[in-house]
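Visitor: I have a new model on my screen and would like to learn how to read it. Could you walk me through a few features?

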Amino acid sequence: MISLTIDGVAVEVAEGASLLDACRAVAREQPTLCHAENLTPANACRVCVVELEGSRALVPACSREAEDGMVVATDSERVRHSRRMVLEFLASSTDLSLAGVDAWLEDYAADPGRYGPPAEASARDGRRPGHHPVPDGMRAETVAQDVKVDNDLYVRDYSRCILCYKCVDACGVDAQNTFAITVAGRGFDATISTEFAVALTASACVYCGNCIGVCPTGALMFRSEHELRAAGLWDEDAQSVTRTVCSYCGVGCNLELHVQENRIVKVTSPMDDDITSGHLCIKGRFGYDYVQELGDLATTPIDEVLAGVRGEGGTAAR
Amino acid sequence: MDLRFLDAEASPEERDAIDAVVGPAEGSPGGPGLRVVRGGGEARSRRHLLLPALQAAQNRIGWISRGALDYICRRLSVPPADAYGVATFYGLLSVEERPPRVAHVCDDVACRGFGAADLIAGLEAELGPAGTDGGGISWMPSPCLGRCDRPPAVFFQLAGENDRARSAATVADVLAVLAGDTSPLLGAAVPQAGDPALRLLRRVGVADPTSLDAYRAHGGYEALPRAMELGSARIIDELETSGLRGRGGAAFPAAVKWRAVAGADERERYVICNADESEPGTFKDRVLMEGDPFAVVESLTIAGFAVGARRGYIYVRGEYPLAASRLVGAIEAARRGRLLGPSLLGSAVEFDIDVRRGAGAYICGEETALMNSIEGHRGEPRNKPPFPTSHGLFGKPTVVNNVETLANVLDIVTSGGRAFAATGTDRTTGTRLFCLSGAVARGGVYEVASGTTLGELIETGGGTRDGGEPAAILLGGAAGSFVGPDALAMPLSFEAAADRGVSLGSGAVVVFDAAADFGDLVRRIAAFFRDESCGQCVPCRVGTVRQEELFARHLASGEPLDAGLLSDISRVMSDASICGLGHTASGAVESAVALGLVEAT
Ligand SMILES: Cc1cc2nc3c(=O)[nH]c(=O)nc-3n(C[C@H](O)[C@H](O)[C@H](O)COP(=O)(O)O)c2cc1C
Ligand code: SF4
Ligand code: SF4
Ligand code: SF4
Ligand code: FES
Ligand code: FES
């Protein structure tokens, strides 16, 4: 066992545990964005930083291994400042409205407005590394851009993307081994992209949806959810989650069917599931049409889908 | 691994250029050989060829076409998205068609106030705005090109030809090279050349850098046999006695790294010479590599021998084509002389060196980013710990040293650590190279004993150009700090610098007089970090943007800069960033504010 102190409280954790594990052992949950139990730590967001005695810089709790005798502070002025700034930087450049971070923004007193009014949406694919236009200082640059809707199953709204690397890792070595997406470009102009930013339909994507499952900000979203939100009909309070087992093959993946008004609106799998670790394939993730006469999302006009969801039969009522 | 490729095809020229790097294809191009996707260990073992292959494709036609990327991916079993992510990381690679002859014109700290503005205005008049296709030729602005002593500097990417660079460039020079002029573009960069007191620079400008015999005639390859006689343990003891500390910026004791790797449990180990020199204002490593390439090869060989590595890499900045070709020439000559290869000096010791070229990314000078770059990944720094001495290149124990650090090893081995430590101060031993540029009479690389004062160094370079006192001096480049004229009395030693709260960093000394436009300079430095941030972590990715915006706002509005906001940004970058780029991205701009060079609240 490893002994250390977190905010003055002594704690013992197993060898190999992270500082985040140690914090949790003393019931001090830390904010995290790029960390997930089922992925290799990316260490990228830095919202989880803590102060470690003897270390010049703060360290990421999510990935720093606990060592004997460490003295860690999770709520010092330095920690709070860095977390405030990280949240402020993200909130001033990214649409965090679906990231579930409002409580942190408030707790850390983030003031994203102080960088000036946000710049308008612009094209962000294929920017040249090492070159950028001279800013005029009047607007705060953002990642705002058009939503990528290029297939029937899910959309990519990179205005919400915080570059946490989770989707890339889920698509790559951590789960799917498809390598359809990557971080492309450099610095603030980096994006999540397919090769040459081609549409998903022209890429290696196999629509397992594992990237959607890990995305913390809603940047990757079921098309059904996206359309319902756009129509103002998405209503999580009216949704129930039914746990079941995927019926396609013998593996036995656990599914969570999110149902709104008797329609499946998205499918997830629990992160702590022994078989899936939260990851699925296209069949479990998107192959639910046969249980409802929703029609093929590829061919059914969205009005009809929405009407169906509203229980208005086949009419295209608005 | 089941990979899906693009459906674009490479041209025969592109395929030839790529094959020259990755080896000939099995079977006919596009035939069965290409459908064989290698998985597992074999694919991993070839991934390190990705960047050289991308560079070959880029060099052949001036950009990386879909067909070329696809062909590379098939040959190396790399997913196309992955390769695209790597290609788009580097400033010198283009995944969009662009003119085959491009001039990259430095507009960085030591050039912009010293001729670059006129050069750029001239090129704009001749060729149009940056990036415009002027009939197969084009120009673009560039960060420091490591030729700051004779501004303005230009680097040329010429499809189908070797890259070229030129100092003190005029509009006519640039247009001539773009039009096909191939006359040599060299000039002396070492004003002290021939001075008998020189150590690191003793052969530069004196011995023919392309001749092994000339190197030997000037004391070369005396250290390697001596090192092999001493054996690993005693070499490292001498290194420790010498007190040699890293010259790449972090000033870490060299012996500590060597000892850790020499004592590692794993047998597979590497040594790397960090020759990515991209710190604005720095050009000493280029001068050493161009002027004394065998010394770099010999010292890296000693490092390899001492720590038990069988392979070394020299990672040379992409903008240094002459340095790279001189090193390749030296390595080939050394192999012929059994000074590299399976049997060093006829012994059972094996050691060889690969030269890798960077592709336009300052961050690849950070040691772990450099390793990722060699391995064929995006040049993103790794989180530390673990450190390279235990988990370095390909996950193996690795020593990374700067070119100048290594060059010192030769004298330490031949004359002993104590003799080396006799020069300099107690805690900063030996001599140091400083890169003098800006408003000075004679810019260039100067070798002085550690502890020489800043004022004495500038006097060695003939003083300021107008004979007056400098208005400010940028020490250590963009990652360093501005100091005022009161610092002229400061000894150039790690400890004196630390007492003042500054860092000597990479040895850059850019002198400014009253003619300097500090607001513009500081915004350029902020822009540099915004361009060069790898983008991995939020504090630096967004912080560098917000920092530049803050200076832009100050310049546009004429209002004093918001110092409180700058300090908030600076603190999170230095506290919570992953690597040294973020940690130092505010240093110079904050020092300018502290000195009153920029008006702030
Ligand atoms: C952003 C960044 C850029 C760097 N660039 C270089 C470089 O170009 N050359 C270099 O030798 N070290 C550079 N370093 C320092 C290296 O990480 C490393 O400390 C050094 O190569 C070790 O060699 P030394 O101990 O001999 O100095 C850089 C560090 C950072 C954070
Ligand atoms: S759906 Fe699956 S294959 Fe497609 S990008 Fe996401 S993780 Fe990769
Ligand atoms: S799309 Fe989502 S998962 Fe992917 S990097 Fe962006 S925020 Fe993270
Ligand atoms: S500090 Fe900057 S350069 Fe370093 S890892 Fe973070 S984003 Fe990349
Ligand atoms: S959660 Fe730890 S760095 Fe992102
Ligand atoms: S070459 Fe222009 S600043 Fe260094």
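Visitor: Is B:Asp70 buried or exposed?

Guide: First, a word on the model: it is predicted, so local features need pLDDT of at least 70 and side-chain atom pairs count only at pLDDT 80 or more, while totals for chains, interfaces and linings use all residues. Residues are numbered from 1 along each chain as its sequence is written, chains are lettered from A and ligands numbered from 1 in the order in which they are written, and side-chain values use heavy atoms, leaving out hydrogens and water. Now to your residue: B:Asp70 is buried, at 4% relative accessibility. Buried means under 20% relative accessible area, exposed over 50%, and partly exposed in between, with a 1.4 Å probe and protein chains only.

Visitor: Which residue forms a salt bridge with B:Asp70?

Guide: The general idea is that side chains of opposite charge can pair when their charged atoms come close. A salt bridge here is a side-chain nitrogen of Lys or Arg within 4 Å of a carboxyl oxygen of Asp or Glu. The partner of B:Asp70 is B:Arg74, with the closest N and O atoms 2.7 Å apart. Both sit in helix 5 (residues 66-76) of chain B, and because they are 4 residues apart, about one helical turn separates them. B:Arg74 is partly exposed at 22%. Helices (H or I, at least four residues) and strands (E, at least two) are DSSP runs, numbered from the N terminus.

Visitor: How many salt bridges does the structure hold?

Guide: There are 58 over all chains. One of them joins A:Asp107 and A:Arg80, at 3.4 Å from N to O. A:Asp107 belongs to helix 3 (residues 102-107) of chain A and A:Arg80 to helix 2 (residues 77-93) of chain A, so this pair ties together parts 27 residues apart in sequence. Both ends are partly exposed: A:Asp107 at 42% and A:Arg80 at 27%.

Visitor: Where do B:Arg101 and B:Glu161 lie?

Guide: Their side chains meet in a salt bridge of 2.8 Å, N to O. B:Arg101 is in strand 1 (residues 101-106) of chain B, and B:Glu161 is in the loop between strand 3 (154-158) and strand 4 (164-166) of chain B, 60 residues away. B:Arg101 is buried at 14%, whereas B:Glu161 is partly exposed at 28%.

Visitor: What is the order of the strands in the open sheet of chain B?

Guide: Strands of a sheet pair through backbone hydrogen bonds, either parallel or antiparallel. Two strands count as paired if DSSP finds at least two bridges between them. This sheet of 4 strands has the order 2-1-3-4, with mixed pairing. Strand 2 (137-142) and strand 4 of chain B are its edges, each pairing on one side only. Strands 3 and 4 of chain B run antiparallel, joined by 3 bridges; B:Val154 has B:Arg166 as its bridge partner.

Visitor: Which side chains of strand 1 of chain A point to one face and are buried?

Guide: In a regular strand the side chains alternate between the two faces of the sheet. In strand 1 (residues 2-6) of chain A, the buried set is A:Ile2, A:Leu4 and A:Ile6, while A:Ser3 and A:Thr5 point to the other face and are not buried. Strand 1 of chain A runs antiparallel to strand 2 (residues 9-13) of chain A, with 5 bridges, and A:Thr5 stands opposite A:Ala10. The two strands form a hairpin with 2 residues between them, and A:Asp7 in the turn has a positive phi of about 50 degrees.
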